[in-house]
Amino acid sequence: MRTWIRHRAAILALFLLVLAAVAGGVWRFGYGQALDQLAQRGEVDLALAADRLTAQLQRYQELAVLMAEHPDLHDLARGEGDAQAARALLLEAADKTAALDLIYADVDGSVLAAAHDTIRGANDLVTTPYFERALHGALGAYHAVDVRYGRRAFYFASPSFGADGRVSAVLVVVVDIENVEENWRGDRPAVFFVDEAGEVFISNRSELIFWQRRAGDVGLVPPEGFAPPFQQFFRAGHELWRLDWGPYLPERGLHIAKDLPVIDMRGEAIVDVAPALRLAGLQAAVVAAAAMVFGLILWQAIERRRVLAEANMVLEERVGERTRALSETNLALRHEIVERQDAEAALKRAQADLVQAGKLSALGQMSAGISHELNQPLMAIQSFAENGERFLERGNQGKAGENLGRIAQMATRMARIIRNLRAFARNESEPMGKVDLVAVISQAVELAESRLRRDNVHLHWDPDKWRDPVYALGGEVRLGQVFVNLINNAADAMVDAPRKEISITLDAGPRLSVVVRDTGPGISEPDRIFDPFYSTKEVGSSEGMGLGLSISYGLVQSFGGNIRGTNAPEGGAQFTVELDYWNEEKVA
């Protein structure tokens, strides 16, 4: 009995030790993962803060560049302008842009005009670095505490060039940094920008302004000089700071830095890691609780092992028998799946062959008209070439040039017909995408034009009504086959009709709708019109096998659209094709 108690105590101690190790490992891993997420989010927040700062300063930089070339300021630099008008111009620009001041000075640093009178008479501009850079013809930028206003300021100095190409004056735009900080003060995380001297010049935490980083140090020191509590350490490859810098800064934070060469500063952020600690602790607690529950279940399983030994043996035998049965069933299902996949592949190949056969059948019906359409330009080309040769022999180059131009027109027409035939007849499985519906209908009309002219069928279609392309979701070649089939079927239905007219209309409603209407005898059985091998032609007719509308139905359905055939109220058949608008997100 005592041996069993000691054995159980040893197992319990070992279990608790393993549980502590697993919970500790989960905590470290979860903490590292949480720090990675905080680092990614902190980098994004720091990048957004830096972009917002540079964008706000960029506005004042552009103001300096654009205002420097103003005619009123140019006249003032030449000694011909009105100082009051120039001052009013600068004051208006300062009010509209919230600039602290705008100063227009000559190359000696003498102020010619300013938005505010407080700087009039200042002669120290010429010694400033931004003014010196502007005198060299470049855009000057600098930041410092403006002693005249007692505020942190950012300066942009843009040169103004005279007629001789030299710098005649300089426009200085003074930016109030506090005004720039207003929109993001107090936001999270704490962000500050340190200049080359190691001084915090811009921040969304006012208590950090003018803190400095001494040479060789990582932390910051306030202007008073005393060093606040600070400790740097690393976890999971991330730099962490433990600090006590005020109620609005985290006690433990993730430090992120990014250089900003555009403004000669370094952006830094301190992201609070308290959420990461809480998340890691929660994960460790959940794993520990789950392990504890698992341990209890395991303990109960061990205690019941003797009682369930025989039952387990019987269960294993039953499981073995059931497994063998399931294996046999699974093998049969695999054979069935392979057979079904082969059948689906054969069906797809048959469908593709039917689609291609439908296209070739349509081309066969139009072959006579197409031959005429190609033969007529060839005869015209021969005639124009012979006439051009005679005109050249007579020295009439103008007439010869006209004949050559007509030959080029005939060749262009033949190339367009052949291009449409090649596009219609090619056998390929194109992906669904953006299709210009007006262009597809026009190409189908052009393919069937010769056949319609031969049968004295008048087709009404006005593509000029649509000035802009109408994009639908589908395949260009397959969608063109649908409209060619509808036009040919309409022409076939009107062979004995007294009035042979086909009208095509496009409606851009909630869904794109194309209506093909004819003046034939109509549809006798609308419910069967899309059935395979259903045809109203005589038995043995060479004009088709009744697959055209069935193929068209399958093609439109593959685009996510719908096609239906009805009898028009005024007589004749009416086929409506509905398609979805092309949507890039839906296709993706």
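Begin by selecting residues 101–106, which form strand β1 of this predicted model. Strand β1 is joined to β2 by 3 bridges, and the two strands run antiparallel. Within this pair, place I103 at the centre of the view: A114 of β2 stands opposite I103.

Next, extend the selection to the whole sheet. Five strands make up this open sheet, and they follow the order β2-β1-β5-β4-β3 with antiparallel pairing. Select 111–114 and 140–146 to display the edge strands, β2 and β3 respectively, each of which pairs on one side only. On average, neighbouring strands of the sheet are turned by 25° against each other, direction ignored. Strands of a sheet pair through backbone hydrogen bonds, either parallel or antiparallel.

Now add residues 83–97, helix α3, which packs on the sheet. Helix α3 touches β1, β2 and β5, the last of these covering 167–176. The direction of helix α3 makes about 50° with that of β2.

The tour then turns to the nonpolar interior. Select L90, L102 and F193, the residues with the most contacts inside the largest nonpolar core, which has 52 residues. Helix α1, residues 2–67, gives the most to this core, with 14 residues.

Remain at F193 and display its surroundings. Leaving aside residues up to four places away in sequence, F193 touches several residues, including A49, A50 and L53. Among its other contacts are W184, F201, I202, L260 and M265.

Finally, select V457, A491, L549 and A573. These residues are among the 43 of another core, which lies apart from the largest one.

Notes. Residues are numbered from 1 along each chain as its sequence is written. This is a predicted model: local features need pLDDT of at least 70, side-chain atom pairs count only at pLDDT 80 or more; totals for chains, interfaces and linings use all residues. Side-chain values use heavy atoms; hydrogens and water are left out. Two strands pair if DSSP finds at least two bridges between them. Helices (H or I, at least four residues) and strands (E, at least two) are DSSP runs, numbered from the N terminus. Axes are lines fitted to C-alpha atoms, for helices over the stretch in contact, and angles run from 0 to 180 degrees between N-to-C directions. Contact means heavy atoms within 4.5 Å. A nonpolar core is a set of buried Ala, Val, Leu, Ile, Met, Phe, Trp, Tyr and Cys residues joined through side-chain atoms within 4.5 Å. Buried means under 20% relative accessible area, exposed over 50%, partly exposed in between (1.4 Å probe, protein chains only).
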